[in-house]
Amino acid sequence: MKQVADEKTCMQFSIRRPKLPSSETHPEESMYKRLDVAAWLRHLNELGQVEEGYKLRKAIFFGGIDVSIRGEVWPFLLRYYSHESTSQEREALRAQKRREYAEIQQKRLSMTPEEHRAFWRNVQFTVDKDVVRTDRSNQFFRGEDNPNVESMRRILLNYAVYNPAIGYFQGMSDLVAPILAEVLDESDTFWCFVGLMQNTIFVSSPRDEDMEKQLLYLRELLRLTHLRFYQHLVSLGEDGLQMLFCHRWLLLCFKREFPEAEALRIWEACWAHYQEEHS
């Protein structure tokens, strides 16, 4: 079984060239190292506010974030914390958001029997199936009766109550799991996930109109950057331009196509919103 599991983990994209020609790299590509603790602290003033947020986003886009501080920096990227907030204001916000999260959970737990039956049918049944098979190779979620799996389950169920217009769709557990594993706190993770769903078009709902909007952006990018491949898709007719092969890429931001470390690096680059307002 272990051999089969090891083989499956290799079924991912990991295409590299040892050295790209300078014509294919950004002129600032080699100027930024990974954002570590010392570099992060240099971006904060004595009150804990982020100074020159654009420079921080640029550094993250090119260099990424050290694993040791992801849990501290990701809430800024996901707009749970504002750059202008002080350390003291963030602690007050966390306390307020904890209370709000508890109220959302209480609302879910206080459903009438009829409401609960509908919720179980439309949301909970799928959530319960998904969370037990999400990122179980990650030490954070490994093992039977893992409390972190239950935390992920509560976050997803509570989000469906918080935002009934979206509810839950398959794939959300893949988005929540890495945030919980880095941020660690259930309430903080919930509000980071809220920020992710509100402030990105890269991750959206599987509704046809949302996916079509994302595919439209992708087609235009291909036309501008890889014209020959775009022309090949055009030559295939309507089926080619539907680009069914990349639907999962868009919904999960390449999480299942790359090893975890590389996928999270892609996420950080998207969340940095460097030189653009969408990811």
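1. In this predicted model, the side chains of Arg94 and Asp188 form a salt bridge, with N and O 2.6 Å apart. The pair joins distant parts of the chain, since Arg94 belongs to helix H5 and Asp188 to helix H9, 94 residues away. Asp188 has a relative accessibility of 5% and therefore counts as buried. Arg94 is likewise classed as buried, at 18% relative accessibility.

2. Arg94 has a second partner: Glu91 forms a salt bridge with Arg94, and the closest N and O atoms are 3.7 Å apart. This contact is local, as Glu91 and Arg94 both lie in helix H5, three residues apart, or about one turn of the helix. In an α-helix there are 3.6 residues a turn, so residues three or four places apart point the same way. Glu91 has a relative accessibility of 49% and counts as partly exposed, because the range for that class ends at 50%.

3. Helix H5 spans residues 87-109 and also contains Ala102. Ala102 is partly exposed, its relative accessible area being 44%. Between Ala102 and Asn158 the C-alpha to C-alpha distance is 9.4 Å, although 56 residues separate the two in sequence.

4. Another salt bridge joins the side chains of Glu182 and Arg70, at 3.8 Å from N to O. Glu182 is in helix H8 and Arg70 in helix H4, so this pair ties together parts of the chain that are 112 residues apart in sequence. Both Glu182 and Arg70 are buried. In general terms, side chains of opposite charge can pair when their charged atoms come close.

5. The structure holds 17 salt bridges in total. Some of these charged residues are linked in a network, which consists of Asp128, Glu150, Arg153, Arg154 and Glu186.

6. Helix H8 merits separate comment. Helix H8 covers residues 172-183, and its twelve residues reach 17 Å from the first C-alpha to the last, close to the 16 Å expected at 1.5 Å a residue. Twelve of the twelve residues of H8 are buried, so the helix is largely enclosed by the rest of the structure. The buried residues include the charged Asp174 and Glu182 as well as Leu175, Val176, Ile179 and Leu180.

7. What surrounds helix H8? The cover over its buried residues includes helix H4 (70-77), helix H6 (113-131), helix H7 (147-162), helix H9 (186-198), helix H13 (247-252) and helix H14 (260-271). Just after H8, Leu184 adopts a positive phi of about 75°.

8. The largest nonpolar core has 65 residues, of which Leu35, Trp40 and Trp271 touch the most other members. Leaving aside residues up to four places away in sequence, Trp271 touches Trp74, Leu77, Leu78, Ile179 and Leu196. Among these, Ile179 is one of the buried residues of helix H8. As a general tendency, nonpolar side chains in soluble globular proteins are buried together.

9. Trp271 also takes part in the aromatic pairs, of which the whole structure has 21. In one of them, the rings of Phe254 and Phe258 have centres 5.9 Å apart and planes at 70°, so the arrangement is edge-to-face. Trp267 and Trp271 form a tilted pair, with 5.6 Å between centres and 50° between planes. These two tryptophans are four residues apart in helix H14, a separation of about one helical turn. Both Trp267 and Trp271 are buried.

10. The two phenylalanines fall in separate accessibility classes. Phe254, at 21% relative accessibility, counts as partly exposed, whereas Phe258, at 18%, counts as buried. The boundary lies at 20%, which is why the two are classed apart. Elsewhere, ring pairs link Tyr101, Tyr159, Tyr162, Phe190, Trp191 and Phe193 into a cluster.

11. As for the overall architecture, the chain contains 14 helices and zero strands. Of its 279 residues, 45% count as buried. Among contacts between residues at least 6 apart in sequence, 68% join residues at least 24 apart. The chain exposes about 16600 Å², and carbon and sulfur atoms supply 54% of that area.

How values were computed: Residues are numbered from 1 along each chain as its sequence is written. This is a predicted model: local features need pLDDT of at least 70, side-chain atom pairs count only at pLDDT 80 or more; totals for chains, interfaces and linings use all residues. Side-chain values use heavy atoms; hydrogens and water are left out. Buried means under 20% relative accessible area, exposed over 50%, partly exposed in between (1.4 Å probe, protein chains only). Contact means heavy atoms within 4.5 Å. Accessible areas come from the Shrake-Rupley method with a 1.4 Å probe; for residues, only the protein chains shown count as cover. A nonpolar core is a set of buried Ala, Val, Leu, Ile, Met, Phe, Trp, Tyr and Cys residues joined through side-chain atoms within 4.5 Å. The expected span of a helix is 1.5 Å times one less than its number of residues. A salt bridge is a side-chain nitrogen of Lys or Arg within 4 Å of a carboxyl oxygen of Asp or Glu. Rings of Phe, Tyr and Trp (its six-membered ring) pair if their centres lie within 6.5 Å; planes under 30 degrees apart count as stacked, over 60 as edge-to-face and the rest as tilted.
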